[in-house]
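Biologist: I'd like to walk through this chain with you before I head back to the bench. Could you take me through its strands and its core?

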Amino acid sequence: MRFTLATFINALPFFVSAAPQPAKQRGTAIPLSTLSSLVNADKSVNFEAFDFHTASTTAKVLRGFDNFEKNTGASHPFSVKGARKRDSGGLPLASLSDRSDRWFGTISVGTPPRNFAVLFDTGSSDLIFPGIDCDDSCDGHAIYDPEASLTSIELGKPFDIQFVGGDSAFGHQYTDNVTIAGLTATLQTVGVAMHYSRGLQIERFPGDGLLGMAFQAISRCNHSPVLQTLVIEGQTDEPVFAFNFAAPGPELYIGGTNPDMYTGDFAWASVTQQGFWQINIDSVVGNGQNVLNNVAGVIDTGSALIYGPPSDVAALYAAIGGTSLTFRHGSYSFPCDAVPSVSFTFGGRSFLIPAAAFNTGYFGDPAHPVCIGAIAVSEFVPFWIIGTRFLSSVYTAFDVSSERVGFATLA
């Protein structure tokens, strides 16, 4: 049965009295899986996937800037005037894949529940997945049918989310129960797609949907993201979620932190601008040389790579002996037998990017290759974007109530 919003409001007293209330539960974990195509089978760099991922990440941030202005009535302090008027890459999307070190887990939606594999993305704030009325762009994905859920409510509002190259996902907004790691967010707003962008189609995107974990200010639907809803409804012992992207047990932990996954104390950095998980990077150090101080950074689990403004990235590679690739704007190479040392300092503590994570892959003659760095340029984004190439080397906690991000040493 599908309820309209008006029908639900009239029946609200009945639902409140009759519906079972989800029990509060302690922190619990969701296992994560990933599939990478940043490199080819021979470990050479897949430049098409690399470029598409860069363009997608840039487009996501610019979309967040637009949503921030729509929701708050003010421009984001870091938005770049005129950026949206430029092509974000002009890439031939039909030939590209973006399964690049992105991490997926399972949630359930509706009553009775239906499972969906979603990308957990701290760089966005909306929950979207394919609907029963979606065209063939959703083929191969799990489908959500509002008619089949006893708790779905149609809001009578459309949604339209722009992706790279002007492509979009669009459909209608509903609310429903969303369960993640045994915790249920009720009346959670979801975007139910009638059309998926090419970057979300099955041959390019192995999950079913996106679960944004940033703040409401950058939500296209201007509604509370799932994790914030869980906190508001008192479903977690602690208003914290945390990621471990390292083997052997990558997981998302909700309701606190998993002490088996890290050692020592956290180095905490406060959110400096709500919207994204934007914090201060105390310093960026390359090969022992302090290159940058007090620069803004966004912690983005939906990005595989690490991005910075052009001048910052150029300064870093100048210090570590990197070479800009003239045929791939924004990418830098280095000798494969001399992987540079790069570290970020958060909350007064330095964290090193492991050599294996910094080295994206090689290109050129296999007998005399050069390697590509995991730090690249993102045009039009005037802050750093810290993706999973760095986050896989630390245990990362996101404190929703205190609005801070913590980093700890992996166990």
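Modeller: Happy to, and keep in mind that this is a predicted model. Let's begin with strand E6.

Biologist: Which residue stands opposite Leu127?

Modeller: Leu127 falls in strand E6, which covers residues 127-130. E6 runs antiparallel to strand E10, residues 209-212, and 2 bridges join them. The residue in E10 that faces Leu127 is Leu211.

Biologist: And strand E9, does E6 pair with it in the parallel or antiparallel sense?

Modeller: E9 takes in residues 183-195, and 3 bridges link it to E6. Within that pairing, Ile128 sits opposite Gly191 of E9. The sense of the E6 and E9 pairing is parallel.

Biologist: Which helix gives the largest share of the largest nonpolar core?

Modeller: That core holds 108 residues, and Phe120, Ile180, Phe344, Ile375, Trp384 and Phe390 have the most contacts inside it. The largest share comes to 6 residues, and they belong to a helix spanning residues 47-72, namely H2.

Biologist: How many residues are in the other core, the one with Val240 and Tyr253?

Modeller: This core lies apart from the largest one. Tyr395 and Ala408 are also among its members. Its residue count is 9.

Biologist: Zooming out, what percentage of the residues in the chain are buried?

Modeller: Here a residue counts as buried when its relative accessible area is under 20%. The chain has 411 residues, arranged with 6 helices and 27 strands. The buried portion is 56%.

Key: Residues numbered from 1 in each chain as written. Predicted model: local features only at pLDDT ≥ 70, side-chain atom pairs only at ≥ 80, totals over all residues. Heavy atoms only, no water. Helix = DSSP H or I, 4+ residues; strand = E, 2+ residues; numbered from the N terminus. Buried < 20%, exposed > 50% of the residue type's maximum accessible area, 1.4 Å probe, protein only. Pairing = 2+ DSSP bridges. Core = buried A, V, L, I, M, F, W, Y, C linked by side-chain atoms within 4.5 Å.
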